[in-house]
Amino acid sequence: MTIDQYPTWVEINLSAVESNVKRTIERAGVPLMAVVKDNAYGHGSVEVAKVAVAAGVTYLSVSRFSETRILRQAGIQVPILSLGMVTPAEVDEAIVSNVIVNLHSFEVAEMFAQRARAIGKPVTVHLKVDTGMGRLGVQVNEIVALARYALAQGNIQIDGMFSHFANADLVEDSLTPIQVIRFQQAVDALHEDGIYPRWLHLSNTAGTLVHPEARFTMTRAGSAVVGIWPFNYDLPYPEYLRPALTWKARLASCKILPAGWAIGYGQIYPLTQDELIGVIPVGYGDGFRRTAGNEVIIGGQKVPVRGRLCMDQTMIHLPKKYPFGEEVVLIGKQGDARIRLEDLALRYDTSQVDVSTGINIRVPRIYVRD
Ligand SMILES: *Cc1c(COP(=O)(O)O)cnc(C)c1O
């Protein structure tokens, strides 16, 4: 499988993943649950999970139950927490395949207890308390009742409790310390009731890396594993992380278009003079977005996109002639030029993980090491 066969592809540097995992665990000082949901944020869940486990990760988590199946089928044996909804049709398989489920409501407890009874096998859960995210989980003052209800079923084993930050990636945010206090209150309430879940985890990547008071007995990070720094440019990218993803394409065409011509759908870029225009075989169908201001790198130099990008192709300005097949970088480094995920996220007014997960699955992921 050579890279030459692909018009566009993503390279994932597994050495970067390995280093990110090790450095994150060192920094946190507690075990790490690596979040590999959504195909490890578009990086490839099986490959990233295998490297993460080899680098010392003891738990994994995903958001869809179907994602746990992919990891198990790849032979990955560490405990996996399913963070999102498990549908009634998936419950039996979840119990049988030893997936740990997010116990975020009484209804879910009842559903799992019933099926666990029918199957004759207990289910392991992490209780979910909502400390401010406003998503899944019971309120702090309900956590003891939920834990008691679960334990009263006789077939629900509480292995952990967790919660999720809403704003830990914002510098100087007032909610984050409040969420830490609420989580501690939930921990204290369980302890007072004689319930001691082994794993207490609140921190996502931002919490893990910059909020030492929020590490409890485990942290739960996804972005850090693949080298995504959640603070964008509000805090400088740290020396202890390495981006893992590079997105490349090959030049398909290079030709001079005459003054008076215009480029692409809507003809929004009329040429006032002759211009050398390249075409790259990548478009919004791949996850490159139809937004103004896009750039790519060719010959170690950033060049602007011309006109609107198409579903599968994009026209670019070329300062000089390049041969058919010349390598073009959409995200990553070439020569002295660099385009970061952060740059695309800012351009698209969204998060970096929205950009990385948005790279369509039809773009092959190639795994490299350095
Ligand atoms: C996505 C997610 C994470 C990981 O967040 P990062 O900031 O990428 O580390 C952790 N916990 C939950 C519940 C999540 O949904």
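Just after helix α6, Gly120 takes a positive phi of about 80°, and I would like to start from that residue and work back along the helix, keeping in mind that what we have here is a predicted model.

At the other end, the start of α6, a side-chain oxygen of Ser105 reaches to within 3.4 Å of the backbone nitrogen of Glu107. Between these two ends, how does the span of α6 agree with its number of residues? The helix runs over residues 106–119, which is 14 residues, and at 1.5 Å a residue it should span 20 Å; since the C-alpha atoms at its ends are 20 Å apart, the expected and the modelled span agree.

Now to the sides of this helix. The buried residues of α6 are Val108, Ala109, Phe112, Ala113 and Ala116, and because they cover an arc of only 130° around the axis, they fall on the same side of α6. If you turn the helix over, the face directed away from that buried side carries Glu107 and Ala118, which are exposed; Glu107, then, is the residue whose backbone nitrogen has the Ser105 side-chain oxygen within 3.4 Å. And what covers the buried residues of α6? The cover includes helices α5 (91–96) and α7 (143–152), together with the strands β5 (100–103), β6 (123–128) and β7 (156–162).

Let me move to the ligand, which is surrounded by Val35, Lys37, Tyr41, Leu83, Arg135, His164, Asn204, Thr205, Arg220, Ala221, Gly222 and Ser223. Three residues of that group deserve a slower look. A polar side-chain atom of Tyr41 lies 2.5 Å from an oxygen atom of the ligand, and Thr205 has a side-chain N or O atom 2.6 Å from a ligand oxygen atom, while for Arg220 the partner is a nitrogen atom of the ligand, 2.7 Å from an N or O atom in the arginine side chain. As for the ligand's surface, taken alone it exposes 380 Å², and the protein buries 89% of that.

Finally, the protein as a whole. It contains eleven helices and 20 strands, and its C-alpha atoms fill a box of roughly 80 × 45 × 40 Å along the principal axes. Of its 370 residues, 54% are buried, and the protein exposes about 16000 Å², of which carbon and sulfur atoms supply 52%. If we take the contacts between residues at least 6 apart in sequence, 67% of them join residues at least 24 apart.

Technical notes. Residues numbered from 1 in each chain as written. Predicted model: local features only at pLDDT ≥ 70, side-chain atom pairs only at ≥ 80, totals over all residues. Heavy atoms only, no water. Helix = DSSP H or I, 4+ residues; strand = E, 2+ residues; numbered from the N terminus. Expected span 1.5 Å × (residues − 1). Buried < 20%, exposed > 50% of the residue type's maximum accessible area, 1.4 Å probe, protein only. Arc of directions from axis to C-beta. Contact = heavy atoms within 4.5 Å. Polar contact = N/O pair within 3.5 Å; in protein donor to acceptor, adjacent residues only side chain to side chain. Near = heavy atom within 4 Å. Areas by Shrake-Rupley, 256 points an atom, 1.4 Å probe, with all protein chains shown as cover.
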